[in-house]
Amino acid sequence: MGKAKPVDLGLIQFSSQADAEQFFREMLRRYSNEDHVSKDHSRHLIALLARHPSAEKKVGPGIVGFFVRKNPHYHQNEFWIDRIDGSQIGFSYLKCVRGG
């Protein structure tokens with residue numbers, strides 16, 4: 001078994017990727033489809049999103065907030081971004097945690 005890779009998001013640190021994944025999985029499960037994410041959770045998602053390999057593209061013109069929506073391809077809830085220009089885009093918390 002390999003050594004655990006810590007995940008540092010600035011305002012929150014995890015001793016392993018598995019711990020970070022569990023934290024965001026539990027966060028996601030607190031919300032129903034189309035629910036808006038709380039301001040406190042949004043702060044964590046902004047920090048997490050910085051690790052996404054396409055973070056700049058995902059953020060686009062800027063973030064208004066986050067919400068939960070079913071992914072049309074996988075039929076599971078995921079986090080989505082409400083952007084300043086009115087557009088919306090989903091992202092994988094797993095891709096962010098794993099950095100790619």
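The following paragraphs lead through the core, the second helix, the salt bridges, the largest pocket and some single residues of this structure. The model is a predicted one.

The nonpolar interior is a convenient place to begin. In soluble globular proteins, nonpolar side chains tend to be buried together. Here the largest nonpolar core holds 22 residues, and the members that touch the most others are L9, F24, L45, L48, F79 and F91. Two or more residues of this core come from each of helix 1, helix 2, strand 3, strand 4 and helix 4. The surroundings of F91 can be followed in detail. Setting aside residues up to four places away in sequence, F91 touches L45, L48, L49 and H52, together with K58, F66, E78, F79, I81 and C96. The contacts of F91 therefore include L45, L48 and F79, which are themselves among the core members that touch the most others.

Helix 2, which spans residues 39-49, contributes to this core. Its buried residues are H41, S42, H44, L45, A47, L48 and L49. These buried residues pack against helix 1, helix 3, strand 3, strand 4, strand 5 and helix 4. Helix 3 covers residues 55-59, and strand 5 covers residues 88-91. One of the buried residues, H44, lies in helix 2 and has a relative accessibility of 11%; H44 counts as buried because that value is under 20%. Beyond residues up to four places away in sequence, H44 touches L11, I12, F23, F24 and M27. Among these, F24 belongs to the group of core residues that touch the most other members.

A second buried position is A20, in helix 1. A20 has a relative accessibility of 0% and counts as buried. Leaving aside neighbours within four places in sequence, A20 is in contact with V7, F14 and V97. The C-alpha atoms of A20 and D8 are 9.3 Å apart, and these two residues are separated by 12 residues along the chain.

Attention now turns to charged side chains. Side chains of opposite charge can pair when their charged atoms come close. A search of the whole structure gives 3 salt bridges. In one of them, R98 pairs with E21, and the closest N and O atoms are 2.8 Å apart. This pair links distant parts of the chain, with R98 in helix 4 (residues 93-98) and E21 in helix 1 (residues 17-29), 77 residues apart. The two partners fall into separate accessibility classes: R98 is partly exposed at 48% relative accessibility, whereas E21 is buried at 10%.

Another salt bridge joins the side chains of E34 and R69, with an N to O distance of 2.8 Å. Because E34 lies in the loop between helix 1 and helix 2 and R69 lies in strand 3 (residues 63-70), the pair ties together parts that are 35 residues apart in sequence. E34 is partly exposed, at 39% relative accessibility, and R69 is partly exposed with a relative accessible area of 23%. The backbone of E34 is also notable in having a positive phi, near 75 degrees, in a residue other than glycine.

The remaining salt bridge is formed by the side chains of R43 and D40, at 3.1 Å from N to O. Both residues lie in helix 2, 3 residues apart, which is about one turn of the helix. R43 is partly exposed at 47% relative accessible area, and D40 is partly exposed at 42%.

A positive phi also occurs at H75, where the value is about 55 degrees although the residue is not a glycine. H75 is found in the loop between strand 3 and strand 4. With a relative accessibility of 60%, H75 counts as exposed.

The largest pocket has a volume of about 310 Å³. Its lining comprises 14 residues, and those nearest the centre of the pocket are L28, Q76, N77, E78 and Y93. Helix 1, strand 4 and helix 4 each give two or more residues to the lining. By character, the lining residues divide into 7 nonpolar, 4 polar and 3 charged. E78, one of the residues nearest the pocket centre, is also among the contacts of F91.

Terms used:
Residues numbered from 1 in each chain as written. Predicted model: local features only at pLDDT ≥ 70, side-chain atom pairs only at ≥ 80, totals over all residues. Heavy atoms only, no water. Salt bridge = Lys/Arg side-chain N within 4 Å of Asp/Glu carboxyl O. Helix = DSSP H or I, 4+ residues; strand = E, 2+ residues; numbered from the N terminus. Buried < 20%, exposed > 50% of the residue type's maximum accessible area, 1.4 Å probe, protein only. Core = buried A, V, L, I, M, F, W, Y, C linked by side-chain atoms within 4.5 Å. Contact = heavy atoms within 4.5 Å. 1 Å grid on protein atoms, 1.4 Å probe; cavity = no way out; pocket = protein on both sides within 12 Å on 5 of 7 lines; lining within 4 Å. Points joined across faces, edges and corners; volume = space filled by probe spheres on them. Nonpolar A, V, L, I, M, F, W, Y, C, P; charged D, E, K, R; others polar.
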